[in-house]
Amino acid sequence: MLIRRAERFKASDVTDETLYLNRRAFIAGGAAVALGASDVADAAAPPAGAPLKAERNEALSVKDAATKLESATTYNNFYEFGVNKDDPAREAHRLKTRPWTVKVEGLVHKPKTYDIDDLVRAFTLEERVYALRCVEAWSMVIPWIGVPLSALLKQVEPTSQAKFVEFTTLLDPAQFPGQKPGFFGGGLDWPYVEGLRLDEALHPLTLLTVGMYGQVLPNQNGAPIRVVVPWKYGFKSAKSIVRIRLVSEQPKTAWEKAASQEYGFYSNVNPNVSHPRWSQATERRIGEFRRRPTLMFNGYADQVGSLYTGMDLKKYY
Ligand code: MTE
């Protein structure tokens, strides 16, 4: 698969370099080893960049100008491919996105394994332009294409014991060099696991995405399917999902396991709660030069604030 390369951003362009390097350095990393996986791109999968149609949901779209596609596809966090921002664009051709299934299981009345193409056909896709705020204090604006997660959860009928939803990314070191033992894949405990409270997962803003910019989701952005939770830091939006599990206990997420004092379960965007090593008060919008203030819940306070009524957001960070 040919991946278009474009203008690169250095980490230092968006976050103070010392802080950024420190974020990477908190985990003892092994030396990178040579990549062994062969090119496993599969002709059966719609190529990244193939057109994907969906009507825009204006009511749930921000009005800000979208980030350039080239930036959104070359400046990525996808540690399964490596920890540098340009690793995913370079390595993502290794990921085979067909056949692909997503198991939806756990505390549900009707567990189901969805073939990705059936899943896409079973729901009406919509486009939503969301702000994406990374915990590293950079942001983008991305027109996603997907279905509300609530539509899928409704089909499987969560039981009354279900309180949380756990998302798991594919585990396959042959396709994800970062998962190989000894490779500096961010020191995360693979597979990448994320989670939401059930009411957060059912919130209308929570989107299962299969495309962006009117196209099939590029591998580096989490193909073939990735959750997007726009009022939370970007790391809550797990990529390349193979399992969605309804559970009664709060899931242990990959970043919490790696550094719980830095990356909490909730991770709502909050300019008033600093990361232990940097402020979250402002952000650098990719493509802009001046920093802009970070908004409470990433600008979605009116829609999601009531989910957290009475909670101490400094404690539940
Ligand atoms: N999902 C997986 N499986 N692995 C990752 O390393 N990085 C997260 C999130 N989802 C990550 C992931 C982080 S830190 C961010 S900011 C967003 O993906 C980045 O999404 P983007 O590369 O599409 O902008």
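**Backbone features and the ligand site in a predicted model**

Y213 lies in the loop between β8 (207-212) and β9. In this predicted model, Y213 has a positive phi of about 55°, although this residue is not a glycine. Most residues other than glycine have a negative phi, and most peptide bonds are trans. With that background, the backbone of Y213, with its phi of about 55°, is a good place to begin a tour of the chain.

Two peptide bonds that lead into prolines also deserve a look. The bond from W190 to P191 is cis, and its omega is near 0°. P191 itself is found in the loop between β6 (164-169) and β7 (193-197). Further along the chain, A223 and P224 are joined by a cis peptide bond as well, with omega at about 0°. The loop that holds P224 runs between β9 (215-216) and β10 (226-228).

From the backbone, the description now turns to the interior. A search of the whole structure finds one cavity of 30 Å³ or more. About 340 Å³ of space lies in the largest cavity, and its lining is made up of 26 residues. Among these, N77, F78, R226, G234 and K239 lie nearest the centre of the cavity. Strand β5 (residues 138-148) supplies the largest share of the lining, namely four residues. Sorted by class, the lining divides into 16 nonpolar, six polar and four charged residues.

What takes up this space? The largest cavity is the space taken by the ligand. Around the ligand there are 16 residues, and Y79, E80, R226, S237 and K239 come nearest. The shell that they belong to has seven nonpolar, six polar and three charged residues. R226 and K239 thus appear in both descriptions: they are listed with the residues that come nearest the ligand and with those nearest the centre of the cavity.

Individual atoms fill in the picture. In N76, a polar side-chain atom lies 2.9 Å from an oxygen atom of the ligand. N77 approaches the ligand through its backbone instead: a backbone N or O atom of this residue lies 3.2 Å from an oxygen atom of the ligand. E80 faces a nitrogen atom of the ligand, with a polar side-chain atom at 2.8 Å. On its own, the ligand has 540 Å² of accessible area, and the protein covers 99% of it.

Definitions and conventions: Residues numbered from 1 in each chain as written. Predicted model: local features only at pLDDT ≥ 70, side-chain atom pairs only at ≥ 80, totals over all residues. Heavy atoms only, no water. Near = heavy atom within 4 Å. Polar contact = N/O pair within 3.5 Å; in protein donor to acceptor, adjacent residues only side chain to side chain. Areas by Shrake-Rupley, 256 points an atom, 1.4 Å probe, with all protein chains shown as cover. 1 Å grid on protein atoms, 1.4 Å probe; cavity = no way out; pocket = protein on both sides within 12 Å on 5 of 7 lines; lining within 4 Å. Sits in = over half its atoms within 2 Å of the grid points. Nonpolar A, V, L, I, M, F, W, Y, C, P; charged D, E, K, R; others polar. Points joined across faces, edges and corners; volume = space filled by probe spheres on them. Helix = DSSP H or I, 4+ residues; strand = E, 2+ residues; numbered from the N terminus.
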